Amino acid sequence: MPLPAKAFQRWLHGIAPQASTADICRISGVKRTTLAQQLVRGKVAESTVVSISRAFNINPVAALATFASYSELAGSPVLPTAAELVSQIATMDLLSAVIARSAGAAGGGDADRPPPAPPLTPAPHATSVKNWVDAIDDGELRHRVSAATGIAPQNYSAQLTANRLTPELAIATSRAAGVGLTGGLVATGMITESEAGWPPGARQAALDALSDGELAALAGERLQALGKTLRRQEQDHQQTKTIWENLG
Amino acid sequence: MIEILQWSTLAVCCAAAVARIPSAVRGENRSLFYIFLLATLAILLSIDGPYVAIDGLLGGINVANLILRFVLFTVIFFIGLRCVNAFGADKQRRWLVGRPGLLVFGLISAVMVVFFAMMDSFSSSAGLSAVYERSTRNAHLVEYYGAAGRAYPAYVSLVLLPAMVKAVGSRLPGLVRAGALLLAIGGVCLTVSLLFPFFPAQLTPLKFVINYGAALCFVVGLAAFWIARVRATQSAPQKSSTAK
């Protein structure tokens with residue numbers, strides 16, 4: 001749910017009373033036409049608030065929490081669950097971890113500790129939204145979200161498949177799953193892990209805590225999903241090519 | 001108003017055919033060039049002035065109208081064939097080029113030719129309106145002849161419709177889906193044109209809108225596929241150059 005322009009203006013006045021709209025845009029990197037359009041329509045996107053608050057060194061979550069529709073974000077952040085943390089590790093990083101561990105095991109007695117795996121790429125990754133929802137889903141989660149927000153289940157799935165989720169739905173999903181409210185905002189890339197209050201190295205720690213079996217099974221699932229997506233893309237590509245050959 | 005529609009449809013068709021010449025010379029999908037060319041000819045023959053002139057050369061007994069119908073059949077057949085191949089609609093192929101498809105084509109053509117032969121077809125006029133007004137018998141014959149002429153295009157577009165609807169709802173590029181949507185709309189227009197005999201007289205302008213609207217939908221829809229490919233092949237080298 002985008003933020004009302006009036007509340008946005010009030011907030012902006014609060015953090016930068018002297019700055020003109022042009023200044024704000026220059027500092028925050030928000031396009032001037034974009035902001036003008038959002039103000040004219042009376043609805044300001046959450047991402048605009050996030051960009052501006054970053055430019056003024058304000059925590060974006062705290063900034064969003066000043067708006068009525070996001071007031072529940074206020075207060076101390078709930079730490080993410082281990083499953084959430086692991087869900088925000090890119091598939092390729094999981095696979096590197098598998099390889100690194102097996103290399104360490106093959107080294108046997110010679111190497112006491114496995115070679116250090118490369119640092120994890122920052123969240124979000126290509127399927128982070130869907131992986132996050134899968135990680136917190138108890139089997140009924142999608143049902144509860146659609147009942148609570150009124151979104152049709154197929155529209156919700158479509159957003160997950162496209163690796164998108166509106167901030168409003170992301171928070172509604174967290175609430176329905178009973179986890180920290182900012183997890184979905186991290187998974188959609190709206191805010192960073194540290195902005196959400198995730199301790200540094202938390203994802204790496206969660207990864208290290210996985211047993212070899214858990215890691216292998218998880219990496220296998222991800223790889224299978226990746227294969228499916230790639231195959232579908234190839235099919236679409238092939239179909240498009242056939243159309244060009246016949247009608248192009 | 002109707003004249004503007006007729007001539008602008010002709011212009012669009014003609015432009016598409018001309019624009020297609022370079023790729024036809026290069027040997028890319030020549031049949032599309034022929035489709036546009038024949039469509040231009042068909043539309044030319046459906047406009048009053050050119051029709052009377054051309055029919056005059058052919059003896060003034062409205063043979064041009066019969067030619068127009070068969071040109072239309074050819075155009076729609078090849079559009080259908082191209083689309084069936086392009087969209088991999090193998091189930092529908094049988095109904096177009098298989099025995100059932102050819103049977104429908106033969107039957108409709110035969111009926112149309114018989115009706116044409118039975119009427120007193122002299123004195124050229126587009127849409128056979130002069131023949132229609134001569135006697136009740138002729139009026140009926142023109143009605144049946146026209147219905148037969150509309151039946152085959154309607155049949156082909158009905159065969160194509162499921163594949164088009166499926167393509168519109170697919171994950172294909174936007175322009176391809178837009179093209180499929182236009183072909184589907186054109187097909188629906190052709191099918192609605194089967195109901196023309198039941199249209200009251202005051203709706204005659206609507207008939208023209210449906211006829212030429214269908215032609216425009218088909219031509220613009222085919223052009224959309226083509227533009228989509230041109231765009232895709234143009235943007236591909238750009239992408240690789242920025243990647244360097």
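# Briefing: helices, cores and salt bridges in a predicted model

In chain A, helix α9(A) is followed by Gly150(A), a residue with a positive phi near 85°. The model is predicted, and the points below cover helix packing, nonpolar cores, salt bridges and a surface patch. Over all chains, the structure holds 13 salt bridges. Its largest nonpolar core has 68 residues, and a second, separate core has 57 residues.

**Helix α9 of chain A**

- Helix α9(A) spans residues 141-149, and its buried residues are Leu141(A), Val145(A) and Ser146(A).
- These residues lie on the same side of α9(A), because they cover an arc of only 130° around the axis.
- The buried residues of α9(A) pack against three helices of chain A, namely α8 (128-136), α10 (153-161) and α11 (167-177).
- On the face turned away from the buried side, α9(A) carries the exposed residues His143(A) and Ala147(A).

**Helix α2 of chain A**

- In helix α2(A), residues 21-28, the buried positions are Ile24(A), Cys25(A) and Ser28(A).
- Viewed down the axis of α2(A), the buried residues fall within an arc of 95°, so they line one face of the helix.
- The cover over these buried residues includes α1 (5-15), α3 (32-41) and α4 (46-55) of chain A.
- Gly29(A), just after α2(A), takes a positive phi of about 80°.

**Nonpolar cores**

- Within the 68-residue core, the residues with the most contacts are Ile243(A), Phe87(B), Tyr152(B), Leu222(B) and Phe225(B).
- At least two residues of this core come from each of α14 (212-247) of chain A and, in chain B, α1 (2-19), α3 (30-46), α5 (63-86), α7 (99-118), α9 (136-168), α10 and α11 (204-243).
- Helix α5(B) supplies the largest share of this core, 12 residues.
- Leaving aside residues up to four places away in sequence, Phe87(B) touches Ile243(A) and Leu247(A) in chain A, and Met164(B), Ala167(B), Leu172(B), Val176(B) and Phe225(B) in chain B.
- Among the members of the second core are Ile89(A), Val133(A), Leu210(A) and Leu215(A).

**Salt bridges**

- Glu195(A) forms a salt bridge with Arg54(A), with 2.7 Å between the closest N and O atoms.
- Glu195(A) is in the loop between α12 (183-187) and α13 (202-209) of chain A and Arg54(A) is in helix α4 of that chain, so the pair ties together parts 141 residues apart in sequence.
- Glu195(A) counts as buried at 16% relative accessibility, whereas Arg54(A) is partly exposed at 36%.
- Arg142(A) is paired with Asp137(A) in a salt bridge whose closest N and O atoms are 3.2 Å apart.
- Both partners are partly exposed, Arg142(A) with a relative accessible area of 27% and Asp137(A) with one of 24%.
- A network of salt bridges links Arg142(A) and Asp137(A) with Lys130(A) and Asp134(A).
- In chain B, Asp90(B) forms a salt bridge with Arg93(B), the closest N and O atoms lying 3.1 Å apart.
- Asp90(B) and Arg93(B) are three residues apart in helix α6 (residues 90-97) of chain B, and are therefore separated by about one helical turn.
- Asp90(B) is exposed, with a relative accessible area of 52%, while Arg93(B) is partly exposed at 28%.

**Surface patch on chain B**

- Val188(B), Val192(B), Leu194(B), Leu195(B) and Phe198(B) form a nonpolar surface patch, together offering about 440 Å² of accessible area.
- Within this patch, Val192(B) belongs to helix α10 (residues 174-192) of chain B and is partly exposed, with a relative accessible area of 30%.

Key. Residues numbered from 1 in each chain as written. Chains lettered and ligands numbered in written order. Predicted model: local features only at pLDDT ≥ 70, side-chain atom pairs only at ≥ 80, totals over all residues. Heavy atoms only, no water. Patch = residues over 30% accessible without salt bridge, like charges linked within 9 Å, V, L, I, M, F, W, Y side chains within 5 Å. Areas by Shrake-Rupley, 256 points an atom, 1.4 Å probe, with all protein chains shown as cover. Salt bridge = Lys/Arg side-chain N within 4 Å of Asp/Glu carboxyl O. Helix = DSSP H or I, 4+ residues; strand = E, 2+ residues; numbered from the N terminus. Buried < 20%, exposed > 50% of the residue type's maximum accessible area, 1.4 Å probe, protein only. Core = buried A, V, L, I, M, F, W, Y, C linked by side-chain atoms within 4.5 Å. Contact = heavy atoms within 4.5 Å. Arc of directions from axis to C-beta.
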